[in-house]
Amino acid sequence: MDWVREAERDAPAPILSFAQNLRLDLDAVTAGLTLPWSSGIVEGHVNRIKTIK
């Protein structure tokens, strides 16, 4: 995660904030990008229900 370290050194405030928050939850981000499971169907149903409401 070289770009995160670089962003923490000399990035604009919004990118710095994103990089810092990403590092706080790095395990979850890595799992979300590498594991085969997805909550997409559930999120779709939640979005549909919110739209109906």
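1. Let's start with a single residue. E8 is partly exposed, at a relative accessible area of 30%. Its partner is R23: the two form a salt bridge, with the closest N and O atoms 3.0 Å apart. E8 sits in helix α1 and R23 in helix α2 (residues 13-24), so this pair ties together parts that are 15 residues apart in sequence. R23 is partly exposed as well, at 37% relative accessible area. As general background, side chains of opposite charge can pair when their charged atoms come close.

2. Before going further, a word on what you're looking at. This is a predicted model, with a mean pLDDT of 88 for the protein and 100% of its residues at 70 or more. Where is confidence lowest, and where is it highest? The low end is α1, with a mean of 83, and the high end is helix α4 (residues 40-52), at 92. Keep that in mind for E8, since α1 is the helix that holds it.

3. Now the overall layout. You'll find four helices and zero strands in the protein, so to speak an α-α-α-α run when you read from the N terminus on. The C-alpha trace spans about 45 × 25 × 15 Å along its principal axes. How does the radius of gyration look next to what a compact globule of 53 residues would have? The globule would come in near 10 Å, but the protein has 16 Å.

4. What about burial? Buried residues account for 8% of the 53 residues in the protein. On the outside, about 4,700 Å² is exposed, and carbon and sulfur atoms supply 61% of that area.

5. V4 is a good residue to click on next. V4 belongs to helix α1, which covers residues 2-10. Is V4 buried or exposed? Its relative accessible area is 1%, and the cut-off for buried is under 20%, so V4 counts as buried.

6. Who are V4's contacts? Setting aside neighbours within four places in sequence, V4 touches A19, L22 and R23. R23 is a name you've met already, as the salt-bridge partner of E8. You can also check the backbone here: the C-alpha atoms of V4 and Q20 are separated by 7.9 Å, although their positions lie 16 residues apart in the count along the chain.

7. The structure holds two salt bridges, and we've covered the one between R23 and E8. The other pairs R5 with D2, where the closest N and O atoms are 2.5 Å apart. Both R5 and D2 lie in helix α1, three residues apart, which is about one turn of the helix. R5 is partly exposed at 41% relative accessible area, whereas D2, at 56%, counts as exposed.

8. Last stop: the chain start. M1 lies in the segment before α1 and is partly exposed, with a relative accessibility of 43%. Which residues join M1 in a nonpolar surface patch? They are W3 and F18, and the patch made by these residues and M1 is about 330 Å².

Technical notes:
Residues are numbered from 1 along each chain as its sequence is written. This is a predicted model: local features need pLDDT of at least 70, side-chain atom pairs count only at pLDDT 80 or more; totals for chains, interfaces and linings use all residues. Side-chain values use heavy atoms; hydrogens and water are left out. Helices (H or I, at least four residues) and strands (E, at least two) are DSSP runs, numbered from the N terminus. Buried means under 20% relative accessible area, exposed over 50%, partly exposed in between (1.4 Å probe, protein chains only). Contact means heavy atoms within 4.5 Å. pLDDT is the predictor's confidence in each residue, from 0 to 100. Patches are made of residues with over 30% relative accessible area and no salt bridge: like charges are joined within 9 Å, nonpolar side chains (Val, Leu, Ile, Met, Phe, Trp, Tyr) within 5 Å. Accessible areas come from the Shrake-Rupley method with a 1.4 Å probe; for residues, only the protein chains shown count as cover. A salt bridge is a side-chain nitrogen of Lys or Arg within 4 Å of a carboxyl oxygen of Asp or Glu. The radius of gyration is taken over C-alpha atoms; the globule rule is 2.2 Å times the number of residues to the power 0.38.
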